[in-house]
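Thanks for coming. I'll go through one structure today, sheet by sheet, and then say where to be careful with it.

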Amino acid sequence: MSSSLSAGAQSFVPPSQPTTSNNQLPTSVQLPKLEAVEGAKRLAAFAAVDKHVGLKDKIIGIGSGSTVPYVVDRIVAQGKEANKERIFLPTGFQSKELIIKAGLTLGDVDQFPQLDVTIDGADEVDNDLHAIKGGGACQLREKVLAEAATTWVIVADYRKNSKVLGTTWTQGIPIEVVPFAYATVLSSLARMGSLSKLPNGKPGLALRMGVKKAGPVVSDNGNFIIDAPFGEDWMRKPAELLKTIKLITGVVEVGLFCNMARAAFFGNEDGTVTVRNNDGSTESIESVPDVPDLSQPGPAKKAQLEQEMKVSGGELRDA
Ligand SMILES: O=C(CO)[C@H](O)[C@H](O)COP(=O)(O)O
């Protein structure tokens, strides 16, 4: 879920950043100016890597979304020596590309079922570090790599920092389902009380449809995605909601990540980072060191922006 970056396009000349043999940067390209929300994502990602990706961490999970390219950029900035013996596991097609283009070593969870740390984005995080994920339809692999990691860390911008889930992410809980069973799962979710209409009048419970593709979104695992909004009574007990949905036959995975995060890092508009830990403590990082000018995305983020612009013909997808 990236923010709209279509405004403020400017000529961008890459700084003297390291490139890899398979990530050649052109000398000058048109890229949009990074907005405040992008700056916040980057601060969260950088601070999380600084704190949770140490030299001893060798098997590292890379999540999905528009925040994780900044994670990859910060990891690459740790240097060739730090990354020499590391293996990086992706949560989907997008992060696989990120890893390869950054010149990092790609592995998969069947070879490395125990990870040291996984860093991933989120659509919303509540007071107890329960999260909604799956805005990019990657929640199955994301949960496997979260569960298999000694440490799972969330990186997000300030908009995702909520008291109760469903406050800002109103479109519903992303649920991956076997295609054959989508209609029966929809019926079961409706019986559970999933809202057919959102409070703002927009459609609620629905099969997620493709954009520039006729028919439903198909996940990296060949499954469909249902978005199921629930009222506050359910959203205040996400662990119970997760268990109840997971028991519906045909459901593969639910985009509710409960009691999994070690910490969540939220970048703020004022340049600080709020860290919420699973022991209930909160920290504020006033200034993240070595952050280049906002108009200078690192190689991984830049590659993703270029890819998105190519796909959308210049308009980046909205959050
Ligand atoms: O769960 C996800 C994809 O399935 C993403 O991590 C989530 O949508 C957050 O993405 P972004 O960093 O673009 O806001």
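Start at the pairing of β10 and β11, where two bridges join β10 to residues 224-228, the strand β11, and the two run antiparallel. If you want a residue to look for, Leu207 has Ile226 in β11 as its bridge partner. Before going further, I should say that this is a predicted model.

Those two strands belong to an open sheet of four, in the order β10-β11-β9-β12, with antiparallel pairing. Which strands are at the edges? They are β10, residues 206-207, and β12, residues 251-254. Each of these has a single partner strand, so one side of each is left without a neighbour in the sheet.

Now the helices on that sheet. Helix α6, residues 182-192, lies across β9 (173-177), β10, β11 and β12. The angle between α6 and β11 is about 15 degrees. Helix α8, residues 238-246, also packs on the sheet, where it touches β9 and β12. The direction of α8 makes about 165 degrees with that of β12.

On to the other sheet. This one is open as well, with seven strands in the order β4-β3-β5-β8-β14-β15-β16, and the pairing is mixed. Its edge strands are β4, at 87-90, and β16, at 282-285, and each pairs on one side only. From one strand to the next, the twist averages 20 degrees. Helix α5, residues 139-147, packs on this sheet and touches β3 (59-62), β4, β5 (115-120) and β8 (149-157). Between the directions of α5 and β5 the angle is about 140 degrees.

Take the β14, β15, β16 end of the order strand by strand. Strand β14, residues 263-267, is joined to β15 by five bridges, and the two run antiparallel. There, Ala263 has Asn277 in β15 as its bridge partner. The two strands form a hairpin with five residues between them, and Gly271 in the turn has a positive phi of about 90 degrees.

Strand β15, residues 273-277, then pairs with β16, again in the antiparallel sense, over four bridges. Thr274 stands opposite Ser284 in β16, and Val275 has Glu283 as its bridge partner there. This hairpin has four residues between the strands, and Gly280 takes a positive phi near 90 degrees.

How is the protein divided into domains? Domain 1 covers 9-163 and 259-312, and domain 2 covers 173-255. Their C-alpha centres lie 26 Å apart. Across the boundary, 14 residues of domain 1 are in contact with 13 residues of domain 2. On the domain 1 side, α5 gives the most, with four residues. By class, that side of domain 1 divides into five nonpolar, six polar and three charged residues.

There is also a ligand, surrounded by 19 residues. The closest are Gly65, Ser66, Gly121, Gly135 and Gly136. The shell has four nonpolar, eleven polar and four charged residues.

Last, confidence. The mean pLDDT of the protein is 88, and 87% of its residues reach 70 or more. Over residues 1-29, pLDDT stays under 50, and the model has 60 contacts beyond four places in sequence for them. Residues 315-319 are also below 50, with 14 contacts beyond near neighbours in sequence. Where pLDDT is low, the predicted coordinates should not be read in detail. For the complex, the predictor gives an ipTM of 0.99 and a pTM of 0.87.

Note on methods
Residues are numbered from 1 along each chain as its sequence is written. This is a predicted model: local features need pLDDT of at least 70, side-chain atom pairs count only at pLDDT 80 or more; totals for chains, interfaces and linings use all residues. pLDDT is the predictor's confidence in each residue, from 0 to 100. Two residues are in contact if their C-beta atoms, placed from the backbone, lie within 7 Å. A residue is near a molecule or strand if its C-beta atom, placed from the backbone, lies within 6 Å of it. Ala, Val, Leu, Ile, Met, Phe, Trp, Tyr, Cys and Pro count as nonpolar, Asp, Glu, Lys and Arg as charged, and the others, Gly among them, as polar. Two strands pair if DSSP finds at least two bridges between them. Axes are lines fitted to C-alpha atoms, for helices over the stretch in contact, and angles run from 0 to 180 degrees between N-to-C directions. Domain bounds come from an automatic or database domain assignment.
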